[in-house]
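Hi,

Here is the structure I promised to pass on. Have a look at it first, and my notes follow underneath.

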Amino acid sequence: MQLQQLKYFVAVAETRHFTQAAEQAGVTQPSLSKQIHVLETELGAPLFTRSRGNIMLTPAGEALLPRARRILADVETARLEVQELIGVRRGRLRLGATPSLCTSLVAPVLRRYQEGYPGVRLMLEEGGSQDLVGKLARGGLDLALIVLPEQGTDPALRAEPILRESLVVASSATLPAPTETGALRLSELDGQPLVMFRPGYDLRDATLEACRRAGFTPTFAIEGGEMDAVLGFVEAGLGVALVPSLVLSGRTRLRSTPLAPPGVQRTIALAHRRDVTPTHAARALREVLLAYVHEESAWSRLPAGVEPI
């Protein structure tokens, strides 16, 4: 089994087309098909079925695909580590982050990182924590900023808590506050229209669980949005939303109302695979991230309810 064969296999699996895979790999279609055939012969099982022009993975192909992706990712990581050892000042960093963190924390951190490491090519993957954890475990990311679940994360990963933040109620600054007191009890959201995130969003699950614990089922004004859309709908006065306090920083058209104790908190962690030593580029990002968070805290520039760990 050769790396080139695995690259060809993954290309066909992702494009579901031999000709397109060959163009992507920079080889002729007959050469690619021959290498796929050699791989199938070595493995003793077909990897694709061809039915009426449709290319589909066989059970053997389905089993091989995540392993092939991980092998190729590990080889690329090893190449970058060797380059670092011989003094090559360039590389690639694949970072995953949730949409709420991309909206708030990630941009200033990456700006500072790029100033110190201009030769590193940055690649950002935005998604929910569960999706990022899966991609990290498969070798598709080097680091990921995730929300730590209560039950803990994948044992194949090492997750370092970075900061803890409280969720607050976001409402339009042009409308009356959602409560007459300084802090809002979760039960006061009963009957109020909520702008809700799409299914699979970490904040959707956190909101629904918080409402369940408070003893009610929330009323949705509109649902299905990403972070920017949700904040826009709240600004327009369609309803309120439960969001991390970080995302409201600098948004003058939105009001932030804290939740009464015990409130709802979440922990943000920086995760990587346990069996892969982080590259110099990844270690440098961790240092920049920690320095930024602690600096913002020292200068009291973090929103209320956000604190480094």
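G237 has a positive phi of about 85° and comes just after α8. That helix covers residues 227-235, and its buried residues are M227, V230, L231, V234 and E235. Why do they end up on the same side of α8? They cover an arc of only 140° around the axis, which puts them there. The general rule behind that spacing is that an α-helix has 3.6 residues a turn, so residues three or four places apart point the same way. Before you read too much into any angle, remember that this is a predicted model.

You'll find a similar story in α6, which runs over residues 129-137 and has S129, L132, V133, L136 and A137 buried. These cover an arc of only 130° around the axis, so they sit on the same side of α6. And what does the face turned away from that buried side carry? It has the exposed residues Q130 and D131. After α6 comes G139, with a positive phi near 90°.

Now for the backbone oddities. Most residues other than glycine have a negative phi, and most peptide bonds are trans. Here are the spots I'd look at with that in mind:

- R16 has a positive phi, near 55°, and is not a glycine. R16 is in the loop between α1 (3-15) and α2 (18-25). With 35% relative accessibility, R16 counts as partly exposed.
- S300 is another residue other than glycine with a positive phi, near 55°. The loop that holds S300 lies between α9 (280-298) and β12 (306-308). Is S300 buried or exposed? Its relative accessibility is 63%, so S300 counts as exposed.
- P261 and P262 are joined by a cis peptide bond, with omega about 10°. P262 is in the loop between β10 (254-258) and β11 (265-273).

P193 is worth a click too. P193 is in strand β7, residues 193-197, and is partly exposed, with a relative accessible area of 37%. Leaving aside neighbours within four places in sequence, which residues does P193 contact? They are T219, A221, L238, G239 and V240. As for E160, P193 is 33 residues from it in sequence, and the two are 36 Å apart in space, C-alpha to C-alpha.

Stepping back to the whole chain: there are 9 helices and 12 strands, and the C-alpha trace spans about 70 × 50 × 30 Å along its principal axes. Of the 309 residues, 45% count as buried. If you take contacts between residues at least 6 apart in sequence, 73% of them join residues at least 24 apart. The accessible surface comes to about 15,800 Å², and carbon and sulfur atoms account for 52% of that. On charge, the chain has 34 positive and 33 negative side chains, with the centres of the two sets 5 Å apart.

One last thing, from the record: an unreviewed UniProt entry places "domain: HTH lysR-type" at residues 1-58. In the model, that stretch is 62% helix and 14% strand, and its end C-alpha atoms are 18 Å apart. The R16 loop mentioned above, between α1 (3-15) and α2 (18-25), is a handy place to begin there.

Cheers

Key
Residues are numbered from 1 along each chain as its sequence is written. This is a predicted model: local features need pLDDT of at least 70, side-chain atom pairs count only at pLDDT 80 or more; totals for chains, interfaces and linings use all residues. Side-chain values use heavy atoms; hydrogens and water are left out. UniProt positions are given in the numbering used here, feature names are shortened, and annotations may be inferred rather than shown by experiment. Helices (H or I, at least four residues) and strands (E, at least two) are DSSP runs, numbered from the N terminus. Buried means under 20% relative accessible area, exposed over 50%, partly exposed in between (1.4 Å probe, protein chains only). Contact means heavy atoms within 4.5 Å. Accessible areas come from the Shrake-Rupley method with a 1.4 Å probe; for residues, only the protein chains shown count as cover. Lys and Arg count as positive and Asp and Glu as negative; His and the chain ends are not counted. The place of a charge is taken as NZ of Lys, CZ of Arg, CG of Asp or CD of Glu. The arc is that of the directions from the helix axis to the C-beta atoms.
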